[in-house]
Amino acid sequence: MNSGKKIAIVGVGISGLSAAREFVNRGYEVTVFEKSQGLGGRASTRRLPWAYVDVGVQYFTASDPVFKREVARWLKRRQVAKWQFTPAVYADGAFKLSPDNQERWVGTSAMRVLSHDIASNVDIILQQRIKHLEPCPRGWRLVSENGPFEYFDWVVSSLPLEQALPLISNHSAMLNNISPPHRSVWALALATKGLVPPFIQGVFSHDTVRWLSRASLKPGFKRIDQGDVDFDDVWVMHFQESWSELKGRALPHAELQAVASRWFNKMLASAGVCPVSVLASHGHFWKYAQMNAPIAEKPQPFVDGTRRIAAIGAWCGSGRYEDGFLSGLSVVSAIDGA
Ligand SMILES: Cc1cc2nc3c(=O)[nH]c(=O)nc-3n(C[C@H](O)[C@H](O)[C@H](O)COP(=O)(O)OP(=O)(O)OC[C@H]3O[C@@H](n4cnc5c(N)ncnc54)[C@H](O)[C@@H]3O)c2cc1C
């Protein structure tokens with residue numbers, strides 16, 4: 001008999017994980033399908049030859065009481081820590097410290113620790129890109145490159161809207177009137193040699209670069225012990241959306257690194273710091289990164305109860321990690337009842 005309790009979730013970012021864990025806690029049978037090799041989506045951690053580095057999410061904030069409770073649980077287990085520093089702004093060639101009251105959280109030994117924590121009781125199938133969905137009399141069939149998976153009572157997409165549309169729009173019109181919300185961002189992780197004083201940790205900018213993080217001063221930073229790059233620091237740089245989209249995914253790595261190195265040393269000079277040299281770098285083009293504008297203040301899931309299909313993701317709110325977590329919980333309430 002169809003119990004209505006067999007759920008397929010597509011995508012293993014924070015929204016898919018938070019939904020999956022809550023469905024499991026409520027007695028549902030859940031399978032999560034993920035196209036890549038690891039957990040976390042845009043909050044995954046790269047194991048570079050020199051260190052574990054978050055190339056997407058740099059830190060997260062917590063404002064909703066439910067998410068704050070989760071952060072408190074992680075804190076008790078020492079899986080998160082506050083990243084305390086005074087942010088700086090580098091604009092029009094001038095460097096200025098710009099104190100604020102924002103609490104910034106990071107996963108200790110990077111963001112991967114949080115995805116692994118949430119995923120501990122969840123059935124996840126990695127390296128399965130779901131190509132399309134087929135409605136059948138007994139429920140949904142999900143088709144990947146490796147074959148079909150069947151039958152599920154509900155399908156929940158936790159993909160960025162742009163990736164969810166090709167899966168969902170043949171079956172439901174619920175997403176049809178939403179404009180694609182995301183802009184692209186080039187990210188570059190850099191290992192550098194040269195001493196930089198600790199007041200430079202997080203820098204906002206308005207020109208080619210939008211943000212610079214000093215990963216090596218985040219709590220729990222982990223270098224690779226046998227790494228052959230003798231660096232003093234690891235940084236993550238995010239480029240402006242307009243610059244990233246103009247250059248596109250095909251931008252040669254050497255050009256990206258040269259632009260980064262020039263910007264970096266100009267910024268250091270404006271703060272009165274000697275130049276550093278770049279020993280190694282790793283670039284990633286995030287096609288779906290910054291949101292144009294929030295879709296909702298508090299993330300709400302899109303649910304088509306007739307077709308038994310739903311869509312969640314950080315994009316259902318304002319695109320932050322916290323929104324992803326909350327959108328995962330909200331779809332469980334919508335399907336199971338609050
Ligand atoms: C460069 C950058 C910087 C950011 N900085 C911050 C920050 O500092 N603070 C903050 O709060 N937020 C930040 N964010 C936003 C944050 O990353 C997102 O809000 C959140 O991680 C998104 O989670 P999600 O579950 O909605 O989606 P995702 O993490 O994108 O998860 C979707 C998953 O679906 C998988 N997938 C896609 N298509 C398929 C398919 N067909 N079949 C199977 N699997 C599929 C993807 O591989 C991915 O793992 C940043 C994002 C980027 C890109």
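In this predicted model, E322 and R320 are joined by a salt bridge whose closest N and O atoms lie 3.5 Å apart. The two partners differ in their surroundings: E322 has a relative accessible area of 1% and is therefore buried, whereas R320, at 33% relative accessibility, counts as partly exposed.

This pair belongs to a wider set of charged contacts, for the count comes to 20 salt bridges. Some of these share partners, and through them R21, E70, R73, R77 and D117 form one network. Within that network, R73 and D117 form a salt bridge, with 2.5 Å between the closest N and O atoms. The pair connects distant parts of the chain, R73 lying in helix α2 and D117 in helix α3, 44 residues apart. D117 has a relative accessibility of 10% and so counts as buried, while R73, at 28%, is partly exposed.

Another salt bridge brings together the side chains of K298 and D64, at 3.5 Å from N to O. Here, too, distant parts of the chain are linked: K298 sits in the loop between β18 (277-286) and β19 (302-304), D64 in the loop between β4 (52-54) and α2, and 234 residues separate the two. Because the limit for burial is under 20% relative accessible area, D64 counts as buried at 11%; K298, at 48%, counts as partly exposed.

From the charged pairs the description turns to the nonpolar interior. In soluble globular proteins, nonpolar side chains tend to be buried together. The largest nonpolar core in this model has 37 residues, and F23 and F60 have the most contacts inside it. The elements that contribute two or more residues to this core are the strands β1 (6-10), β2 (29-33) and β13 (154-157), together with the helices α1 (14-25), α2 (65-76), α3 (112-118) and α7 (321-336). Of these, α7 provides the largest share, seven residues. The core also spans a domain division, drawing at least three residues from each of domain 1 (6-50 + 114-179 + 295-336) and domain 2 (60-110 + 183-286).

F60 merits a closer view. Leaving aside its neighbours within four places in sequence, F60 is in contact with F67, V71, W74, V80, E103, R104, W105, V106, M111, L114 and Y321. A second core, separate from the one described above, has 27 residues, among them V196, L212, L256 and F285.

Methods:
Residues numbered from 1 in each chain as written. Predicted model: local features only at pLDDT ≥ 70, side-chain atom pairs only at ≥ 80, totals over all residues. Heavy atoms only, no water. Core = buried A, V, L, I, M, F, W, Y, C linked by side-chain atoms within 4.5 Å. Buried < 20%, exposed > 50% of the residue type's maximum accessible area, 1.4 Å probe, protein only. Helix = DSSP H or I, 4+ residues; strand = E, 2+ residues; numbered from the N terminus. Domains from an automatic or database assignment. Contact = heavy atoms within 4.5 Å. Salt bridge = Lys/Arg side-chain N within 4 Å of Asp/Glu carboxyl O.
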